[in-house]
Every structure is written in C-alpha cells, then in structure tokens.
Amino acid sequence: MSVVITEPRDHDDQHDHDHEHHDHKPRGIKRWLYTTNHKDIGTMYLIFALVMFFIGGAMAMVIRLELFQPGMQFVEPHFFNQMTTVHGLIMVFGAVMPAFTGLANWMIPMMIGAPDMALPRMNNWSFWILPFAFLILLLSLFMPGGGPSFGWTFYAPLSTTYSSDSTALFVFSVHIMGISSIMGAINVIVTIWNMRAPGMTWMKMPLFVWTWFITAFLLIMVMPVLAGVVTMVLTDKYFGTSFFDAAGGGDPVLFQHIFWFFGHPEVYIMILPAFGIVSAIIPTFARKRLFGYASMVYATASIAILSFLVWAHHMFTTGMPVFATLFFMYATMLIAVPTGVKVFNWVATMWRGAMTFEVPMMFALAFIVLFTIGGFSGLMLAITPADFQYHDTYFVVAHFHYVLVTGAVFSIVAAVYYWLPKWTGNMYDESLGQWHFWCSLISVNLLFFPMHFVGLAGMPRRIPDYALQFADFNAFISIGGFLFGLSQLIFVWVLIKCARGGVKATDQVWEGAEGLEWEVPSPAPYHTFETPPVIK
Amino acid sequence: MAKTRSIRWSLPTLLLAASANAAAMPLNMTKGVTEISREVYNLHMTIFWICCVIGAVVFGIMFVSILLHRKARGVQPAQFHESTKVEILWTAIPVVILIGMAIPATKTLIAMEDTSAADVTVQVTGSQWKWHYKYLGSDLEYFSVLATPREQINNRFPKGENYLLEVDRPLVIPTGQKVRFLMTSDDVIHSWWVPAFAIKKDANPGFINEAWTRVDHPGVYRGQCAELCGQDHAFMPIVVIAKTPEDYAAWKATEENRLAEEKAAEQELLAMNMEMSDLMANGERTYIAYCAACHQPNGAGLPGIFPALAGSNLILNDRRAHIDIILNGKAGTSMQAFGRQLSLKELASVVTYTRNAWGNDTGDAVQAADVYRVQQGEGE
C-alpha cells in the first residue's frame, strides 16, 4: 500500500471542534432509525448479520439433530425440508451478504478518504427494509402448510405447482432482499467512483475496495435476474403462466438456467469481498507489501467475468446437449486459474515476511487453506463425468460449506477481529479470540470434512433419513456441528467484552497496518475525512 | 408442522444399535460395475491426486513460511512485492494441468452420452415418491416403491440391513447388453441415480432424458433419488437387479405371463361383489401405502398443502367425483392419477375405506365394477 498522508492532522483543533458540532445525533432508537451515518448503518448491518447467523445456525442444529441417527426422531420430513430451505436462504441473504455490506459501509469511506457513502438516505433505507424481508420469511414458517420447503434453490415445479401458499411470502421477501442489495451495490459503486480522496487513483485503492467495487457490479447484474425468476415462479403458481410447465409450453429446466445465471455470480458475490479482506490482513501481519497487487485486481475482474459463463455446471445432470456440457466444463476449469493466482499471491506475500499470529491472521491463514480445499473440490466437481457421481450428494454440501463457512464466514470473522479495535477503540481479548479460533477451526473440520466421504459413499443431500452405512459418520458430523455452534458463543462474548471496554487501541492498532483507516483515531470518530486527505 | 415425536430411546443404546447395524461405509467413490463407471472413478482419482499434489506444494510452502518467517525469530521482512515472471509461470502451469485433465474427461463424457444401438430400452418415470419402469416393446410395466416398513423409519422396529434402500419390485436388466434408459417425470423433477453404473440423470416432467449402461456382473445394485422432490424425497430408492441374459429372458417371460393373468383376474373381479370388511381391510393397507404420506394416517391432511379427507365435502357429497379424483388426479396439484398405479381391487378398496373411515360414515361399499365404470367414462 503506497498511500501516504501528506496532510497529517495538522488542523487538530479545527477537527475536534467540527466533531463536537457534528456529533449531535438523536439519542436512543431514533438515532438508529433515522441515521444516515455510514458507521451506524455498518454497525446495524453487522449486528443484523450476526443475529441471522444464529437464527440460520439454530436451523442447522435442527438439521444435524435429526440426522444424528438414522430414522425419524425429532421432526417431520416436511419440516426438515423447511429447515434446509430457510437455513440456506438466511445464511446467504441474511448473514453473509449483509455482513459484507456492513463491512463495506464501515470501511470503504474510511479506506478511500471519503466522509460518508455517496447516497446516505438510500443507505438507511437499504438497511431498514432488510429486517422486514426476513420477518416475512421467518413468519411464513408458521403459516398453515409451513414455510418454503423446496430448497434455497427453489426449483420449479416443486416451488410452483407443488408448493404451499407461503410461496407468495417467500417471493415478496426475496424481492425486498434484492432491492436492498441493489441499493447497497449502487451506493458502493457511486461512492468509490466519485468520492476517492485526491491522489487515490484506481490502482492505489486497497483490494477490499477493489473487490467490493467488482462485487457491486455483479450484484447489479444478477439481482434483477433473481427478481425475475421469483416473479416467474409467482405468476406460474398464481396467475396461470407456464414458464416452467411443459403442459403449457414451458420448461422446468429453464428455471434452473435463469436461477443459476443469478446463482453462480452470487457465489462470487459472497467470496470476492473475502479475497479483499484476506489481502488486507496477510500483508499487515506479515509486515510486507501484498505480492502482485495488480495481478490481484486483474484476477478478481477475470473471476467476475468468468462467473457469468459457468452457471450450467450446477446443471450437468439435467440433460444438456453434450457441446453445452463441454463448454461449461472448460469454462469452469478455467476459473480455477485466477483463483489459484490469488492463493499463490497470498503465500508469496507471507514468504520472507515477519509474521505474527493474532486472531485476524489466524482466521486469514485458516481461510487460505480451507478455502483452497473448497476450491479443490470445486475443481473436482467441474469434471463433468465425475460430477455425475458427486452431484446432489454430501460431497457438494462439503464443497460449498468449505467455501462459504471456512471461506466467506471465516473472512468476515477475521475482518471483525481486524477492525474491531478501530470501531470500538478497545483491543479485543486476545486469548478469548484464540480460543474462539481454535474451537472453530477444529469443530468446523469435524463438521464438514467427513461430509466429503459420506458424499462419495453415496449419501444424497437434503434427506432427513439415510441408509445405515452412513450412520457413524453422520453422528460424528452432528457432534462437530453442535461444537461449531457452541464455539460461536465465544465470539459473541468477545464482541460484548470488547464493546464494553478493554485495553485502549492505538490509531494504527496493528504494527504492520497501512491505509487511511489506520490514520484516524480509535475509535473512529462519528465523522471522518470531512476534509479529504491528499494521497501521493 | 414441527410435531416432535416422543423420544423412546436413550442415547447410548441407540449409538450402540447404530454401530452394530452399520455396514462399514466405503470412504471413496465406488468403482462400479461398468466400463464407464471405472473410467469415471479413474477421472475422480486423477483429479483428486492432482489436487493433493498442488495442495501439498502450496500448503507446504505456506507452512515453511509460517515456521521460518515469523517475527518471533527476529527476522526482518523482505521488500519484494511483484514479479511478472512468477505471475506468468503460475498462471501457465495450472492451464497446462487443466488441459491435461480436460482431454480424458471429454472422451469419457462423449462415451457416456452415446445412447445409440441399445439392446434393451426401459422408460423410467419418477413421481412423488416412487419409480415406474416400462420395458419398451413389451406390455411389461410396473411401479417400484420403498419396501422399508414405516415402523422401522419411526424407530418402532429395528432397522433392516437395506434400510431405505429396498423396494417392492426392483428393475431387472440383462448383463453384457447395452441398456438404454429414458427418464421422465409425472410431477416434479426427480433424479435417477445408481452409483454402481455412474448414472445420475434428472427426470424432468414433460421432457425425456437418456442414459445407458452395460453391466458386467449379475448382482443387486442400489441407489436413490438425488433431486429434492418434496417431503418423501429420502424414501424413493432404486434397486436394479442385473441378471444374465438367459435369466433375464426367463424373468421377463414369467412377468409378462403374470401380467396377463392379472388382467384376466381383473375382468372376473368386475362381476364380483366384495365384502365390506374385506374392502375396508384392503383399503386401509392401500391407504397407508399410497395416500397417508400426504393425507396423513388419520385423514386430517396437512393444512395448507394436503387437504383433509375426514369430513371432506367432496367425499361425502359426490361419490363419482371422489372416484374420479383418485383415478385421474387433480391437475395443478400434487394429487396423482392412481388409476394407472393401482389395481381395480385396490382402487375400490381405498375408495370404500376413505368413504367410511374417520367418521366419514357414508356406508358405501364401492366395488371394482363401480370404479371400472368411472374409468371407462360411463356414469355410475
């Protein structure tokens, strides 16, 4: 990072005066309802994501409880399907995406030297519609006939002709989530495009800003596609259209094409900002500049472009023409190349650095190894003939939990530990944080690694009951799941403890940290960079 | 909804029971019993080992770095941060590896898609939650339904060896011959998966997909539906028995004879009247096997998705419509057409049962001939 502040805080008195003036904010609930401050909105996004992570996690616990032993013990199959469906929806749209948006809100203005997001009122609205979207989704579970039970991928016609009436609420709820995401994405793009401090050229932007910039374009491209496909589900179910019904001239496989045209870029929406986070943390704790900054930017852009050309690798068993299948197989294999470049760059950054291993670094290192394992299984899944055996088994469940939990979620946790001292002004409890890390690392692998074996041995996903040969492994996996769930309580403890007090953090917080966010005081004042810094 | 079942077991006993029952689980993909499945297995192992080697190199360097390049050892960080040469190298090497991998994968895929010149063709139709097999060029067709008793699933009886992987009538195919499968579905998307053949193909409603296999050895091969297809997705297994061509031919002749006899018996049945008690007993069995998953054993249905039969207006007031909906299903809902799936005797019994169980006291004894008349489009 070659940013240099040429205008150090030489007007400290002036600044302090300004802060006093501007720090007038409504107290109590009104502050949070009316706020247009990027830091407040970022905090709300992050807390919302954490709450959703625990609600979605509770559903995962129900799933693992039922799967602990063969036979039906605790829930009905219909309810089990609701749990798998809503678990997926909540984790994707309620936990991972809002957490990244929260980090974007907090950090992007501070990283590019802007006073706030470009469109602060829209920012407020894009957060405040989210809780209602998820309230609708969660309350639909209590409707007669239950909530959505067709998997988070809601394949037609299971989600149209054969679904319960909560589908209308599901569609409405997804529409609201989509609107929220699109508004958030527009805000990120406008902010980065227009509000960079003088001298903050494109190729000086921190990678977190770059990856979010590209992610925001992906969001704007694909969220309308998701809105389109849920609307088609709605009209097929209630208004007599036949987009996905062969009897009326439609095609159920068309649904999957549209869904995955959204769904595959969505996967990268949930991982590109993670690349940005890891690219911030590794250099800080290796005390060495990021290796191959430019190639990181190009790799991110290549991944984003390729992500529009690989969607049908989720659909190899649907019976596509062989040439289409081959095209999607090659394109999918190709995407491993820029992803590999990223991993190599991180390792090269560490090489001959002077590393220390605080909690953010530990999570970032775990990210590199475990995300790469998820990448390897992704490469295996790209080999179409082998995919016929892997598809819709626990091998796939293992794959996407490695990229989403030990990938996206670990990066979010790393980011929280990394920037928490900047947000609260206090250092978190390092030894509690290490406990959180080691408990999470061990339990998450007990949870997801055996799923590879169970899948290869032939256990399909999304089943509430299974053949006896899978019994021992499932009991084991469930225990891993419960431990991973419990481990996250340590995280909440660390967060509360840090918010309440602790050792005061310095402005720079970490010895090796570089970038504008480390130039402002800790905790970051309510308003930062009202006068833009100048970067050489 | 989330009706929790009462828990009648203690944890340690179940753990013991489970490990006593469980056959050892293989840790890897099956090699299967066809040439194609072995090729698939080899592709899987090749890409697996490639990943292992790359992983060992990358993680190895990373762990060496973690051991050596730590501040605690008093090292000073180096200053290098880019190298176009290295970047090109580690872009090019993966490309070469991937091309090496794509070539055999392409060959196998093209072979898998070649369904021409088949010796036997079976149409496979999925429906919630059973498979239907029809031998093209023969009258032979039948449904294949989960054979595991509900009592095992509900933990009232100990679980059998092939728990959830057993059916009443398996698919039978000849060994050494090319068998082509035509997949389709009557309702939602299902996916027909037999790991030993490396076949997993979606059954899409309104469309036909193709797959083929040539099995080396006689044997029993088990699989499951792989695509989420509603609440009983876990309960629609696939069992395929591969027999030598001679045994297969003998089996097929026997089955064709049996089918003809059944049809003749059905014609006789039209002239007979069954006793109410027989109809009810028979009807209850059929109801539990085919109807109870949705409409529930007590006829109460699941509010919002599956209508209640107890006190149903249609059942109590319109006998013809009642028979008709069972025979032909209801378009746009998950109510299937059972006219094709059940015998006249079963249909008559289940109609009688649902007209007289759970307080539906119509007193009607519906006979096979009554059902037959509705089936033929005649008035009652």
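Over which residues of chain B does pLDDT stay under 50? I started there, since this is a predicted model.

**Entry 1: confidence**

I found that residues 1–22 of chain B are the stretch where pLDDT stays under 50. The model still has 27 contacts for that stretch beyond four places in sequence. I am leaving those contacts alone, because coordinates predicted at low pLDDT should not be read in detail. For chain B as a whole I noted a mean pLDDT of 88, with 93% of the residues at 70 or more. The predictor's scores for the complex are an ipTM of 0.91 and a pTM of 0.90.

**Entry 2: where the chains meet**

I looked next at the contact between the two chains. Chain B brings 94 residues to it and chain A brings 92. Which elements of chain B each supply at least two residues to the side that touches chain A? I listed helix H1 (11–21), helix H2 (35–68), helix H3 (84–112) and strand E7 (199–203). A friendly warning to myself: H1 of chain B spans 11–21, and pLDDT stays under 50 over residues 1–22 of that chain. By residue class, the chain B side divides into 52 nonpolar, 27 polar and 15 charged.

**Entry 3: domains of chain B**

The domain assignment splits chain B into three. I wrote down domain 1 as 35–66 + 80–112, domain 2 as 120–259 and domain 3 as 270–375. How far apart are the centres of domain 1 and domain 2 of chain B? Over C-alpha atoms, the separation comes to 36 Å. Their contact takes four residues from domain 1 of chain B and four from domain 2 of chain B. On the domain 1 side, I count two nonpolar residues, one polar and one charged.

**Entry 4: helices of chain A**

I followed helix H8 of chain A, residues 207–238, from end to end. Its 32 residues reach 45 Å from first C-alpha to last, close to the 46 Å expected at 1.5 Å a residue. Where does H8(A) bend? The bend is at Val222(A), by about 25°, and Pro224(A) follows within four residues. I record the two side by side and leave the link between them open. Just after this helix, Gly240(A) has a positive phi of about 75°.

Helix H14 of chain A, residues 359–382, has 24 residues and reaches 34 Å, close to the 34 Å expected for it. I then checked its surroundings: 23 of the 24 residues are buried, so H14(A) is largely enclosed by the rest of the structure.

I also stopped at Ile186(A), which sits in helix H7 of chain A. Is Ile186(A) buried or partly exposed? I noted it as partly exposed, because 18 other C-beta atoms lie within 10 Å and the cut-off for buried is 20 or more. Ile186(A) and Ala216(A) are 30 residues apart in sequence, yet their C-alpha atoms are 7.0 Å apart.

**Entry 5: backbone oddities**

Most residues other than glycine have a negative phi, and most peptide bonds are trans. So I went looking for exceptions to that general rule.

Phe154(A) is not a glycine but has a positive phi of about 30°. I located Phe154(A) in the loop between helix H6 (130–139) and helix H7 (167–194) of chain A. It counts as buried, with 25 C-beta neighbours inside 10 Å.

Arg287(A) has a positive phi too, about 55°, and is not a glycine either. Its loop runs between helix H10 (272–286) and helix H11 (293–306) of chain A. Arg287(A) is buried, with 21 other C-beta atoms within 10 Å.

I then turned to cis peptide bonds. One joins Ser522(A) to Pro523(A), with omega near -5°, and Pro523(A) lies in the segment after helix H18 (471–500) of chain A. Another joins Gln128(B) and Trp129(B), with omega about -5°. Trp129(B) is in the loop between strand E1 (120–127) and strand E2 (130–135) of chain B.

**Entry 6: one tyrosine**

I closed with Tyr353(B), in helix H10 (residues 344–356) of chain B. Which residues does Tyr353(B) touch, not counting those up to four places away in sequence? I found Met280(B), Gly283(B), Glu284(B) and Tyr287(B). Between the C-alpha atoms of Tyr353(B) and Thr286(B), 67 residues apart along the chain, the separation is 9.2 Å. With 25 other C-beta atoms within 10 Å, Tyr353(B) is buried.

Methods. Residues numbered from 1 in each chain as written. Chains lettered and ligands numbered in written order. Predicted model: local features only at pLDDT ≥ 70, side-chain atom pairs only at ≥ 80, totals over all residues. Domains from an automatic or database assignment. Contact = placed C-beta atoms within 7 Å. Nonpolar A, V, L, I, M, F, W, Y, C, P; charged D, E, K, R; others polar. Expected span 1.5 Å × (residues − 1). Bend = angle between axes of the 7 residues up to and from the residue. pLDDT = per-residue confidence, 0-100. Buried ≥ 20, exposed ≤ 12 C-beta atoms within 10 Å, placed from the backbone.
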